[in-house]
Amino acid sequence: MMSRTGDSAASFFDWSGAAPTVEARAPGRVNLIGEHTDYNDGLVLPAAITYDAHVLARAIQGRTVRLRSLTLGQEGTLDLDDLHPVAGELWLGYAGGILHGIKDAGHRLPGMDLLIWSEVPMGAGLSSSAAYEMALVKAFEEIGGFELPDMEAVRIAQRADWDFVGVQSGIMDQSISRLGKAGDALLLDCRSLEYRYVPMNVDAALIICHTGIPRELARSAYNERREECESAVRALQASEPEIRSLRDVTPEIWDRLKDTVPEPYRDRAEHVITENARVFEAADALERGDLASLAALFAASHESLRDLYQVSSPELDTLVEIAHEVDSLIAARLTGAGFGGCTVNLVPLERVEAFEERVLEEYPRRTGRTPTMYPAQTANGASARHI
Ligand code: GLA
């Protein structure tokens, strides 16, 4: 991507009238397993991938932040002394929310020119927005000469989602974009915020397949699932008041109390509770290089998301079906929020060609849609430097 950075530095100069002083980048992510668990204080196992959002920046006089997105072909400005949600302009909302959070945390930033572009496919469920947010945070730290603790940086970006964009997302996406490590997945406990790196020891290629249907982080559907989980917790609290989130519900408690939880909350909760257990097992299997166990765990996760959590789609189901037809050892499941978007696949190296051929042939035949494959490597988390 060097040449792109070079081109962008030239267009930065043309636009801003001087060269950028800071360059920052942050990766998108694929979640291996642990879906819709983060906002239930649960466990997730994402990996950062080699698709980045980029920012070039320099400080300018005054209190204005000027932004230009090469990806969207748009420009906008924000006033550092008057930051508020901007209706309909999500990309400005993310930036405004982060500037607001950084100010709240007691750091002062100058006016800036920011040039932005991204390789992370948008609307695919690969966290293009978290990559963008975390690249901005890194750029701001570098320009402002301060360093945020990792989890504070994550919280600032999450608050931007909540308060400036209106999606009540969990902390998975920003965490992995900040903390990712090439070669490893990240086992993150979204309650304690403890994490450990899990080496990806499987002899398998990581292939992401896009259904061709944009994943609407269907704000309303996503927030609705979140509320349904809260309703399940409230129903459980009638018997066990100390339950604070679905993370507190062990399989034993669940067996005893599940009949007290009305539908659809019962199904939603059952997904989350069983998914947390699968994350631990998958982390072990990944470390052992046990692809057969991963294939079984991914399949169980997908079914649970389809039947209990109801966030799959016929297209996502078809992609998973085709993967299993090629080889029962392929670990395949929908990844991210669902409602369209992508599947994640761990494909034995000698089956990669067969897998790709079969998807390209069968998926359009069965769905009338064109799939896109994103072969991915794991990547390091956000970084910035003076240039
Ligand atoms: C989106 C959200 C994450 C997480 C996933 C579902 O990616 O941003 O916080 O909730 O959906 O696992």
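**Ligand surroundings and helix packing**

Around the ligand sit 13 residues, and the closest are Glu35, His36, Asp38, Asp173 and Tyr222 (a residue is near a molecule if one of its heavy atoms lies within 4 Å of it). The model is a predicted one, so to speak with its own filters: local features need pLDDT of at least 70, side-chain atom pairs count only at pLDDT 80 or more, and totals for chains, interfaces and linings use all residues. Residues are numbered from 1 along each chain as its sequence is written, and side-chain values use heavy atoms, with hydrogens and water left out.

Three side chains have polar atoms facing oxygen in the ligand. For Arg29, a polar side-chain atom lies 3.0 Å from an oxygen atom of the ligand. Asp38 has an N or O atom in its side chain 2.5 Å from a ligand oxygen, and for Asp173 the distance from a polar side-chain atom to an oxygen atom of the ligand is 2.6 Å. A polar contact here is a pair of N or O atoms within 3.5 Å; within protein, one must be able to donate a hydrogen and the other to accept it, and residues adjacent in sequence count only if both atoms are side-chain atoms.

His36, listed among the closest to the ligand, also has a backbone quirk: its phi is near 60°, a positive value in a residue other than glycine. His36 lies in the loop between β1 (22-33) and β2 (43-60). Helices (H or I, at least four residues) and strands (E, at least two) are DSSP runs, numbered from the N terminus.

Asp173 turns up again in helix packing, in the contact of α3 with α5. Helix α5 (residues 172-179) packs against α3 at about 50°, with the axes 9 Å apart; axes are lines fitted to C-alpha atoms, for helices over the stretch in contact, and angles run from 0 to 180 degrees between N-to-C directions. The two helices α3 and α5 are therefore oblique to each other (angles under 35 degrees count as roughly parallel, over 145 as roughly antiparallel, 65 to 115 as roughly perpendicular and the rest as oblique). On the α3 side the contact includes Glu133, Met134 and Val137, while α5 brings Asp173, Gln174, Ser177 and Arg178; contact means heavy atoms within 4.5 Å. By class, the contact of α3 with α5 has four nonpolar, two polar and five charged residues. For these classes, Ala, Val, Leu, Ile, Met, Phe, Trp, Tyr, Cys and Pro count as nonpolar, Asp, Glu, Lys and Arg as charged, and the others, Gly among them, as polar.

Helix α3 (residues 128-144) also packs with helix α4 (residues 150-165), at an angle of about 130° and with axes 10 Å apart. Again the pair, α3 and α4, is therefore oblique. Glu133, Met134 and Val137 of α3 meet Ala153, Val154, Ala157, Ala160 and Asp161 of α4. Here the contact residues of α3 with α4 divide into six nonpolar, no polar and two charged.

Further along the chain, the axes of α8 and helix α9 (residues 291-307) come within 9 Å and cross at roughly 160°. Helices α8 and α9 are therefore roughly antiparallel to each other. The contact includes His271, Thr274 and Glu275 of α8 and Ser293, Leu294 and Leu297 of α9. Its classes come to seven nonpolar, five polar and four charged residues.

One last backbone detail: the peptide bond from Glu263 to Pro264 is cis, with omega near 0°. Pro264 has its place in the loop between α7 (251-257) and α8 (265-288).
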